[in-house]
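User: Could you take a close look at the ligand and its surroundings in this structure, and explain what lies around the ligand?

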Amino acid sequence: MAIAPPPSGPSAEDEAMILEVVRDLVRERVAPRAADIDDKGEFARDIYKLFAENDLLGVPFPAEYGGVGGSFLTYVKVVEEVSKACASSGLMIAVQELGALAIIIAGSDEQKRRYLPKISSGEYIAAYALSEAGSGSDAAGSMRTRAEKKGDTYVLNGNKVWITQGSVADVITVFAVTDPDKGPNGISAFVVEKTFPGFKVGKLEKKMGIRGSPTCELIFENCEVPAANMLGPEGTGFKTAMKVLDKSRPGIAAQALGIAQGALDYAANYARERMAFGKPIGQQQGIQFMLADMRVEVEASRLLLYEAARKCDESSPDLTLWAALAKLKAGDTAMKVTTDAVQILGGFGYSTEYPVERMMRDAKITQIYEGTQQIQRLVIARSLVGKGAGSNGSAKN
Ligand code: CAA
């Protein structure tokens, strides 16, 4: 008689097994590709395929919709492991999750059955399109992309920018204004397939870091989206977008933590071997203090992140706060630790022949995307003192 899997999903042993597989794949397949992926600035299809074959693209997706049914905690640990060696590859896993989350959170059973198994298996690459040229931090107040209902179709017009994986995505969660008089409550969410008429990929960005992850503009010119592809009722899109970010910011914190740990490991190894003034530089107090400070920041980030991931697993009411705490700390840690790693390696650190300069370039984006560090501080402050007079002019706690 077959034993039914536990309703709570994979166990701690399963998590350990998944992470062991990930560590092997990272050591043997991802790490040797990292410098080349950065250098060529291309989406690494081989790595994507590797993740798909090893079920790493849908770790926290519900098992009933083709996912692994793993915890968020396992998922963030997977992103962390991969990002230690290659931040662009870690981001593939995080953005697959980001692109699917609105469907998981607000989709109907039919929509989940239609899309989640294909995203989880890797057949579909997913993306999330919220930002516009004039609408980054002020996501609700400045959104211009319009969706107008015509019969059984919504017609989308507008441009989205900075869309991670946008140029390679098969399905994209797109947010658009359905009622301009209702502010945040006039925004709706849609699943757009790349084959829908009126959808076009625009300009590709040339970037400082995460160069293996394509970032682009998406253009909607009378783009026809079936009404059946709206996620949740009309006007609920902004809340869905925010709920998605609550669960996706820990993924970016995991990417940041992985980058920081990778840089710390490299710098510590270097400090054990590099000689100066007759002894390894790791025996010089100036370097020891730097390494100790780096370790503290990394471990503090990890504790915040794992707690935020547990809050995701529990759908805790203070998840918004914890996601912001984790993303803020881990992003700043990644920037600080990678900068110090470059310093410890000196001239070698500044050379592209060593990985820490790539890690430093990759770290910067974690302070910018999925809500800048300033937005995380705003979210954290609101948990302490309420919203007050906000960007859309309302005053509430
Ligand atoms: N969960 C549920 N509902 C939420 C919510 C949340 N976390 N946050 C806000 N809401 C609700 C509010 O309760 C409010 O509802 P009511 O009108 O019914 O009261 C409504 O949404 C509007 O909220 P606010 O008034 O708080 O909205 P605001 O205009 O003041 O903005 C903000 C809030 C926190 C600044 C938000 O705009 C924000 O997070 N901005 C940053 C956007 C961002 O992170 N962009 C990243 C793009 S994605 C990306 O970067 C991906 C990538 O490349 C990898």
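Analyst: What follows goes through the shell around the ligand, then the contacts, and then the cavity.

This is a predicted model, and in it the ligand is surrounded by 28 residues, of which the closest are Thr164, Lys239, Arg249, Glu370 and Lys387. Sorted by class, the shell around the ligand holds 11 nonpolar, nine polar and eight charged residues. Both domain 2 (127-235) and domain 3 (238-389) contribute to this shell, each with at least three residues.

Turning to individual atoms, an oxygen atom of the ligand is 2.6 Å from an N or O atom in the side chain of Lys387, and an oxygen atom of the ligand is also 2.7 Å from an N or O atom in the side chain of Thr164. With Ser137 the partner is a polar backbone atom, which is 2.8 Å from a nitrogen atom of the ligand. The ligand taken alone exposes 1,100 Å², and the protein buries 83% of that. The elements that give two or more residues to the shell are β3 (153-164), α7 (237-273) and α11 (373-385), and the largest share, seven residues, comes from α7.

The protein also has one cavity of 30 Å³ or more, with a volume of about 30 Å³. Its lining is made up of Ala34, Asp38, Cys86, Ser88, Arg211, Arg358 and Asp362, which divide into two nonpolar, one polar and four charged residues. To this lining α2 (34-40) and α10 (356-365) each supply at least two residues.

Conventions: Residues numbered from 1 in each chain as written. Predicted model: local features only at pLDDT ≥ 70, side-chain atom pairs only at ≥ 80, totals over all residues. Heavy atoms only, no water. 1 Å grid on protein atoms, 1.4 Å probe; cavity = no way out; pocket = protein on both sides within 12 Å on 5 of 7 lines; lining within 4 Å. Points joined across faces, edges and corners; volume = space filled by probe spheres on them. Helix = DSSP H or I, 4+ residues; strand = E, 2+ residues; numbered from the N terminus. Nonpolar A, V, L, I, M, F, W, Y, C, P; charged D, E, K, R; others polar. Near = heavy atom within 4 Å. Polar contact = N/O pair within 3.5 Å; in protein donor to acceptor, adjacent residues only side chain to side chain. Areas by Shrake-Rupley, 256 points an atom, 1.4 Å probe, with all protein chains shown as cover. Domains from an automatic or database assignment.
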